[in-house]
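Visitor: Could you take me closely through one part of this model, and then show how the rest of the chain is arranged around it?

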Amino acid sequence: MRLSSMPIATQKEAPADAEIVSHQLMLRAGLIRKLAAGIYSWLPLGLRVVRKVERIVREEMDRAGGLEVVLPSVQPGELWRESGRWDYYGPELLRFSDRHERDFCYGPTHEEVITDIARRELRSYRQLPVTFYQIQTKFRDEIRPRFGVMRAREFVMKDAYSFHIDAASLHETYQVMYAAYSRIFERSGLHFRAVEADSGAIGGAVSHEFHVLADSGEDAIVYSNAGEYAANIEAAAAPPPAHERPPAGPAMEKVATPNAHTIEDVCDFLDVPASSCVKTLFVCGDHDNEVVALILRGDHELNAIKAAKLPGIADPLQMATAAQILQAAGSNPGSVGPVGLGCLTYTDLSAANLADFVCGANEDGFHLRSVNWVRDLDETSSADLRNVKKGEASPDGHGTLEIARGIEVGHIFKLETKYSDPMGAKVLNREGKSIAMPMGCYGIGVTRIVAAAIEQNHDERGIIWPAAIAPYQIMIIPINLPKSARVREAAETLYERLGRQGYEVLFDDRDARPGVKFADCDLLGIPVRLVIAERGLDAGTIEVRDRRDSDSENIEIDSLDDYLQDRLAVSE
C-alpha cells in the first residue's frame with residue numbers, strides 16, 4: 001500500500017478526553033474515529049488489525065472443532081423472558097419495540113438465541129457434543145463508556161456455545177477451549193494470565209477470565225508467587241484467620257469521637273490500628289426497604305460480588321441510603337456499629353475473629369471501645385466478604401498472594417443448564433430419557449484485544465505492534481524520493497519484490513520530510529522500517545530498524561531476506 005493513496009490522518013496530539021494510552025494512540029494513528037459516546041468507526045489501518053485478530057481467533061476455533069454461524073443481532077424479548085434475563089440484565093440491555101409494539105433488544109450476547117436453535121435442531125445424544133461460534137458486533141449500553149474501544153458500547157466479540165449430554169463432556173470441551181484461548185493470545189503476541197472468575201450476568205458455576213497484563217487494566221488479579229493459583233480479585237477466596245479469637249479483655253466503654261466519621265479519623269483520634277476496628281456497611285436487602293448490615297475489619301475492603309451472593313441481599317449489590325441507615329441504626333453513617341442492630345447481619349471471617357475491637361456506637365459522635373463478641377453482642381452469620389490483600393497466604397497453600405492489573409480479553413463459562421432448563425433445550429440420552437443439555441459459553445473481545453495489545457506494547461513514540469497483528473509488517477521509507485531517480489527505482493523494486501514474497505508493505509512515497517515519515521512509522525507501530533538512501537545504495541546496504549529497538553543498523557542488501565524472516569516470524 002502506498003501512503004500517498006491512504007489519508008492516514010495522524011495527529012501530534014490526542015483529544016483531551018482520551019484518558020489511557022491505547023485510546024490516545026488509536027486516535028493519533030488514525031485507527032479509529034469517535035461517532036458517539038462509546039461508538040467508534042474503524043478506519044482502514046485499524047480494521048486491518050481487527051481482521052488479523054479475527055483470523056487468529058477463527059483459525060483456533062476451527063482447530064478446536066467449532067462450527068461458525070451468524071446469529072441475528074436483534075433479538076426478540078420473549079426469548080429473554082424465557083431465560084429470566086429480560087429484567088435481570090439491567091439497563092445495559094438496549095430494549096426497543098418494533099412497529100407492532102413487540103419487544104426486542106440489540107444483543108449484548110447470544111445465549112438465548114443459540115439455545116433456541118439447539119432446542120429446535122438437536123434431538124439426540126448422537127448429535128453431541130457440538131460447538132457453535134460467531135464473530136459479530138455486540139451492543140451493551142454502558143452507563144459510563146470510557147477508554148475508547150476498551151469499554152465501548154458497540155464492539156466486536158467472538159462468542160461460542162457448546163452443548164453436551166453430561167458434565168464430563170462439558171468439562172472436556174471446556175478444557176479444549178481453555179487451550180484454544182491460550183493459543184489465541186500466544187499467537188497474538190500478548191503476555192496474559194488465565195484466572196478463576198465470577199460468572200456475573202452470564203451465569204454458571206465455573207468460569208475463567210483471560211487477562212492481558214497491563215498497568216492500565218481495570219481488573220485486579222491475584223496470583224500465588226510460588227504456585228499456580230490465580231483469580232480475579234472478585235472471585236479470590238480470602239484465607240480464614242490463622243489463630244483462634246483471643247479472650248475478651250476490659251469492659252466495653254463508650255467514648256466521644258467528635259468529627260470522627262471515617263475509619264482513618266477514628267484510628268487517629270483513639271490511636272488504634274485499623275485492624276483493631278470494625279466498620280459496618282449497610283446494603284439493600286432483596287425486599288423493599290429492607291437493609292442488611294455487613295461487618296468488616298477496618299483495614300479490609302468489601303467484595304461486592306461475594307456479598308451479593310448471600311441470602312437476603314439484593315443482586316446486584318446496592319448500598320443503602322443515608323435515610324435507610326438512620327432508620328436501621330439510629331445514627332448517621334460514620335457512627336454506626338453492630339451492637340444492638342435488629343436487621344439481618346453478616347460478619348466477615350476476619351472481623352468475627354477480633355477481640356476488644358472498636359466500632360460505632362449507633363449514636364452520632366460516639367464509638368465503642370473494647371467490644372467483644374458473645375459478651376457484648378451476639379455472633380452473626382459469618383462469611384467471606386472481603387477482597388484479599390497482597391502478602392496473604394495463597395488459597396492453594398503455596399506461597400503468598402501478589403496483585404497485578406489486568407485487561408479482560410476473554411471469558412469462558414460452564415453454564416450447565418442455566419439456559420437449557422428454562423428454555424426447554426432437551427435431547428434424548430442413551431437410555432431414551434429426555435434431559436436438559438449442559439452448556440458452555442466462550443467469549444473473546446476482538447476489538448478489546450486491539451486496545452489491550454497497545455496498552456501492553458507502546459513507548460513514548462507510539463504503538464509497538466506484535467508482528468502477528470500489525471496492520472503492515474514493513475514500511476519502506478525512501479529519502480529524497482522526488483529528486484533521486486536511483487532511490488525511486490530501488491524503492492519501487494524492493495516494494496514489488498517484498499510484495500511478491502508475501503510481505504505486507506507500506507511504501508511511504510509521500511513528499512514529506514524524513515523526520516515526518518520516521519515519526520509516522522513509529523506512531524503506527526510498523527514492526528520493521530527500511531530506509532533507502534543514496535549513501536546506502538553506494539555502499540550496497542540498507543538501513544533497517546526493528547520497532548522495538550532504539551537504534552538502526554546498516555546491513556548488506558543481500559542479507560535483508562534473512563533479517564526479515566528472523567524479525568517477522570510469527571507462531572501459527
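Guide: Let us begin at Pro 129, which sits in the loop between α5 (111-121) and β7 (130-139). The peptide bond that joins Leu 128 to Pro 129 is cis, with an omega of about -5 degrees. The model is a predicted one, and the angles and distances quoted here should be read with that in mind.

To place this loop among the packed side chains, it helps to turn to the nonpolar cores. The largest nonpolar core has 64 residues, and Leu 31, Phe 185 and Trp 465 are those with the most contacts inside it. Domain 1 (3-237 + 402-455) and domain 3 (472-567) each supply at least three residues to this core. Around Phe 185, once residues up to four places away in sequence are set aside, the contacts are with Leu 190, Phe 192, Phe 210, Val 409, Gly 410, Ile 444 and Ile 449. Leu 128, by contrast, belongs to a second, separate core of 27 residues, which also includes Tyr 161, Ile 435 and Cys 441. The residue that precedes the cis proline bond is thus itself a member of that second core.

Beyond β7, in the loop that leads to β8 (154-163), lies Phe 147. Phe 147 has a positive phi of about 65 degrees, although it is not a glycine. With a relative accessible area of 15%, Phe 147 counts as buried, because the cut-off for that class is under 20%. Phe 147 is also among the residues that line the largest cavity, together with Ile 20, Met 150, Arg 151, Ser 216, Gly 217, Glu 218, Asp 219, Gly 406, Ile 407, Glu 408 and Arg 448. This cavity holds about 70 Å³ of space, and the structure has one cavity of 30 Å³ or more. Strand β20 (residues 401-416) gives the most to the lining, with three residues. Sorted by class, the cavity lining consists of four nonpolar, three polar and five charged residues.

From here we can step back to the whole chain. Its division is into domain 1 (3-237 + 402-455), domain 2 (253-383) and domain 3 (472-567). Between the C-alpha centres of domain 1 and domain 3 the distance is 39 Å, and the contact between these two domains takes twelve residues from domain 1 and eleven residues from domain 3. Altogether the chain has 16 helices and 30 strands, and its C-alpha atoms fill a box of roughly 95 × 65 × 50 Å along the principal axes. Of the 572 residues, 52% are buried. Among contacts with a separation of 6 or more, 69% are between residues 24 or more positions apart.

Pro 239 gives an example of such a long separation. Pro 239 lies in the loop between β12 (230-232) and β13 (253-256), and its C-alpha atom is 10.0 Å from that of Asp 396, which is 157 residues away along the chain. Apart from its neighbours within four places in sequence, Pro 239 is in contact with Arg 386, Val 388, Glu 392 and Ala 393.

A further cis bond joins Asp 315 to Pro 316, with omega near 5 degrees. Pro 316 belongs to the loop between α8 (304-308) and α9 (322-329). Further along, in the loop between α10 (349-352) and β17, comes Asp 356, a residue other than glycine whose phi takes a positive value near 55 degrees. With a relative accessible area of 29%, Asp 356 is partly exposed.

The strand that follows Asp 356's loop, β17, brings us to an open space. The second largest pocket is lined by 20 residues, of which His 261, Lys 279, Thr 280, Gly 334 and Val 336 lie nearest its centre. Two or more lining residues come from each of α7 (263-270), β14 (278-284) and β17 (357-360), and β14 gives the most, with five. The class make-up of this lining is twelve nonpolar, seven polar and one charged residues. The space within the second largest pocket amounts to about 310 Å³.

Conventions
Residues numbered from 1 in each chain as written. Predicted model: local features only at pLDDT ≥ 70, side-chain atom pairs only at ≥ 80, totals over all residues. Heavy atoms only, no water. 1 Å grid on protein atoms, 1.4 Å probe; cavity = no way out; pocket = protein on both sides within 12 Å on 5 of 7 lines; lining within 4 Å. Points joined across faces, edges and corners; volume = space filled by probe spheres on them. Helix = DSSP H or I, 4+ residues; strand = E, 2+ residues; numbered from the N terminus. Nonpolar A, V, L, I, M, F, W, Y, C, P; charged D, E, K, R; others polar. Core = buried A, V, L, I, M, F, W, Y, C linked by side-chain atoms within 4.5 Å. Buried < 20%, exposed > 50% of the residue type's maximum accessible area, 1.4 Å probe, protein only. Domains from an automatic or database assignment. Contact = heavy atoms within 4.5 Å.
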